[in-house]
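Let's take a walk through this structure together. Have a look at it first, and then we'll go from the overall picture down to one helix.

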Amino acid sequence: MEQRQRAAPNTRAGAGSGLPTTDGGSRSLWFNPPIDDPDRRPQLTRHRIVTEALVVIAQDGVQALTMRSLAARLGVVPGALYHHVGNKQHLQDLLLDGVLAEIDFHTDPSLAWTQQLKVLAHRLRQVLEAHPGVAAILKTRDPLGPHSLALAEALLAPLQAAGFADRQAGLAFFLLVDYTVGFAVSATPTAVNEQRVRDPAIRTQLHQFFRTLPPDRFPTLVTLGQHIWVDNRDQRFTAGLDVLVDGLEHACNTLSKTRSGDDPTSTRPTRRTTRGREDAQQAVAE
């Protein structure tokens with residue numbers, strides 16, 4: 001009986017064998033190489049949308065941020081954005097909260113309440129100015145995201161601990177926020193005044209201009225002009241914040257004295273003073 005000739009092992013599996021092929025030409029059927037396509041766009045996510053929105057604001061200003069223009073920059077149709085954000089206002093709240101997340105809200109509890117407020121205000125300004133245009137949105141929006149609420153809590157806690165009444169604490173809170181955010185708004189790169197004072201050559205020309213003004217019409221500007229138009233944003237912010245917080249401290253102390261009945265500003269005579277005055281008048285009459 002003739003033996004069947006054993007077939008040589010097949011080094012190439014058939015298409016229907018269900019086994020991986022071993023030759024290099026067919027390896028891609030099983031081991032797909034990574035796609036290296038420079039035109040392939042990354043996946044659209046909420047984080048990517050918010051990040052690109054911050055770029056638009058920093059480069060072209062708040063007014064340039066529209067859903068249509070943002071979609072064009074991302075290479076998608078506008079409707080694709082609404083799968084991740086509800087509308088433009090929702091997008092603004094998301095980017096605001098994302099920026100505020102960069103603030104360290106923790107302060108040293110051993111510091112005086114006035115110093116804690118100053119630390120937080122400096123941190124808020126630093127983060128806002130690191131993202132040009134965001135402060136302008138914060139002036140028009142009242143976000144209620146987790147980091148926005150954390151900022152409010154961090155600023156209100158020292159005011160309450162200092163002894164401010166509820167209404168006065170609310171007023172003090174908005175004074176601090178309005179001052180800090182307003183200062184950051186003025187730091188836009190396109191601000192003419194900021195460009196003037198930051199350029200040493202232009203600043204020198206500006207000071208020379210003030211010195212050549214008619215002294216009979218502008219005597220104060222001739223003297224003080226060179227001390228006003230200077231590159232001192234940090235000093236201006238700190239000086240204004242010191243005055244604001246010192247005023248709050250004075251108001252808090254006055255409030256405490258009023259509650260204790262010892263108000264040095266009151267001109268109303270006490271009962272003892274009135275009685276003594278009446279006794280003196282009667283003695284003179286006799």
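What you have here is a predicted model, so let's begin with how its parts meet. Among the contacts in the chain with a separation of 6 or more, 64% are between residues 24 or more positions apart. As for the building blocks, you'll find 13 helices and zero strands. Following the sequence from start to end, you simply go α-α-α-α-α-α-α-α-α-α-α-α-α.

How much of the chain is buried? Of its 286 residues, 28% are. The accessible surface adds up to about 19400 Å², and carbon and sulfur atoms make up 54% of that.

Now for confidence. The mean pLDDT of the chain is 82, with 74% of the residues at 70 or higher. Over residues 263-286, though, pLDDT is below 50, and this stretch makes five contacts in the model beyond near neighbours in sequence. Residues 11-19 also stay under 50, with seven contacts beyond four places in sequence. Where pLDDT is low, the predicted coordinates shouldn't be read in detail.

Which elements sit at the two ends of the confidence scale? Helix α13 (residues 271-285) has the lowest mean pLDDT, 41, while α5 has the highest, 97.

So let's finish with α5. This helix covers residues 113-130, and at 1.5 Å a residue its 18 residues should span 26 Å; the end C-alpha atoms are 26 Å apart, so the two agree. Plenty of names to spot here: the buried residues of α5 include Trp113, Leu117, Leu120, Ala121, Leu124 and Leu128. Lys118 and Arg125 are buried as well.

How values were computed
Residues are numbered from 1 along each chain as its sequence is written. This is a predicted model: local features need pLDDT of at least 70, side-chain atom pairs count only at pLDDT 80 or more; totals for chains, interfaces and linings use all residues. Side-chain values use heavy atoms; hydrogens and water are left out. Helices (H or I, at least four residues) and strands (E, at least two) are DSSP runs, numbered from the N terminus. The expected span of a helix is 1.5 Å times one less than its number of residues. Buried means under 20% relative accessible area, exposed over 50%, partly exposed in between (1.4 Å probe, protein chains only). Contact means heavy atoms within 4.5 Å. Accessible areas come from the Shrake-Rupley method with a 1.4 Å probe; for residues, only the protein chains shown count as cover. pLDDT is the predictor's confidence in each residue, from 0 to 100.
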